[in-house]
Amino acid sequence: MLYDKDIREPLFDFLDEFYPTNRIIEEKQMGRSRADAVLVTPDALYGIEIKSDADTYARLSRQVRDYNLFYDYNYVVVGTSHAHHIMEHVPQWWGIITVEIENGRTDFYILRTPQKNPKVKLKRKLSILWRPELAHIQEINQMPKYRQKSKDFVIEKIMEKIPEDILQVQVCEELMQRDYHEIGKIIAEYKKRS
């Protein structure tokens with residue numbers, strides 16, 4: 001039986017083969033759910049839900065709804081106990097990766113490649129960014145700073161002013177460059193300037 005902890009690190013190594021330039025962000029809050037991982041590439045965000053052999057489908061329908069709002073593509077990664085029925089529980093555009101132990105090592109197989117998520121919402125995707133990251137996007141696009149305005153207001157203005165194809169790449173770049181060690185200092189500096 002494979003548990004979540006047995007799957008994560010080998011999965012990230014497996015994904016490195018398919019997405020050579022990437023960054024993994026683990027345990028990302030999205031709506032009322034939490035993504036197990038987000039794979040950031042230079043031009044897309046991939047939500048990753050891990051269903052180990054020890055997991056059930058109890059929360060999956062709610063999780064699918066939340067993933068669909070935030071990410072360009074989605075994967076579900078399942079242990080062998082779920083491999084035969086997972087297609088009944090996720091939309092046809094979700095990618096499916098199966099995992100099992102083969103000759104003492106974790107073995108992954110892409111059962112279905114993900115297709116572009118038709119339900120992703122740009123506003124939700126932008127909400128993943130921290131306020132200093134949004135400010136950087138405003139700066140590189142020569143937008144007003146709107147320092148006294150809410151994050152939602154800023155997101156709306158960004159969506160109005162920047163074409164989606166350009167914004168897509170900029171969102172990915174911000175997440176690729178995100179520095180969790182420096183964020184406290186970055187946010188404090190941003191607030192001081194505001």
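**View A. Glu27 sits in strand S1.** The phi angle of Glu27 is near 50 degrees, a positive value, and this residue isn't a glycine. That's worth a close-up, because most residues other than glycine have a negative phi. Is Glu27 buried, partly exposed or exposed? Its relative accessibility is 36%, so Glu27 counts as partly exposed (under 20% relative accessible area is buried, over 50% is exposed and in between is partly exposed, with a 1.4 Å probe and protein chains only). Keep in mind that this is a predicted model: local features need pLDDT of at least 70, side-chain atom pairs count only at pLDDT 80 or more, and totals for chains, interfaces and linings use all residues. Numbering starts from 1 along each chain as its sequence is written, and side-chain values use heavy atoms, with hydrogens and water left out.

**View B. Six strands line up in an open sheet.** Their order is S1-S2-S3-S4-S5-S6, and the pairing is mixed. Strands S1 (23-30) and S6 (105-112) are the edges, each pairing on one side only. On average, neighbouring strands of the sheet are turned by 30 degrees against each other, ignoring direction. For the bookkeeping, helices (H or I, at least four residues) and strands (E, at least two) are DSSP runs numbered from the N terminus, and two strands pair if DSSP finds at least two bridges between them.

**View C. Strand S3 (residues 45-51) has a partner on each side.** On one side it runs parallel to strand S4 (residues 73-79), joined by six bridges. Two of the matched pairs here are Gly47 with Asn74 and Glu49 with Val76. On the other side, S2 and S3 run antiparallel and share four bridges, with Ala37 standing opposite Ile48. S2 and S3 make a hairpin, with four residues between them. How many residues of S3 are buried? Seven of the seven, so the strand is largely enclosed by the rest of the structure. In a regular strand the side chains alternate between the two faces of the sheet. Here both faces are covered: Leu45, Gly47, Glu49 and Lys51 are buried on one side, and Tyr46, Ile48 and Ile50 on the other.

**View D. Helix H2 (residues 60-70) lies across four strands of the sheet.** Those strands are S1, S2 (33-40), S3 and S4, and H2 runs at about 165 degrees to S3. Axes are lines fitted to C-alpha atoms (for helices, over the stretch in contact), and angles run from 0 to 180 degrees between N-to-C directions. Leu60, Gln63, Val64, Asp66, Tyr67, Asn68 and Phe70 of H2 are buried. Their cover includes S1, S2, S3, S4 and helix H3 (122-127).

**View E. Ile7 belongs to helix H1 (residues 4-18).** Ile7 is buried, as its relative accessible area is 0%. Which residues touch Ile7, once neighbours within four places in sequence are set aside? The contacts are Leu2, Ile50, Ser52, Val77, Val99 and Phe108, where contact means heavy atoms within 4.5 Å. Lys191 is elsewhere: 184 residues along the chain from Ile7, with 39 Å separating the two C-alpha atoms.

**View F. Helix H4 (residues 131-140) packs against helix H6 (residues 164-177).** Their axes are 10 Å apart, at an angle of about 135 degrees. H4 and H6 are therefore oblique to each other (under 35 degrees is roughly parallel, over 145 roughly antiparallel, 65 to 115 roughly perpendicular and the rest oblique). The crossing is right-handed, meaning that the near helix is turned clockwise from the far one by less than a right angle; anticlockwise would be left-handed. H4 contributes Glu133, His136, Ile137 and Ile140 to the contact, and H6 contributes Leu167, Gln170, Val171 and Glu174. Sorted by class, that's four nonpolar, two polar and two charged residues (Ala, Val, Leu, Ile, Met, Phe, Trp, Tyr, Cys and Pro count as nonpolar, Asp, Glu, Lys and Arg as charged, and the others, Gly among them, as polar).

**View G. H4 is mostly covered, with seven of its 10 residues buried.** The buried ones are Arg131, Pro132, Glu133, Leu134, Ala135, Ile137 and Gln138. Just after H4, Gln142 takes a positive phi of about 50 degrees. Tyr146, in the loop between H4 and helix H5 (151-161), has a positive phi too, near 50 degrees.
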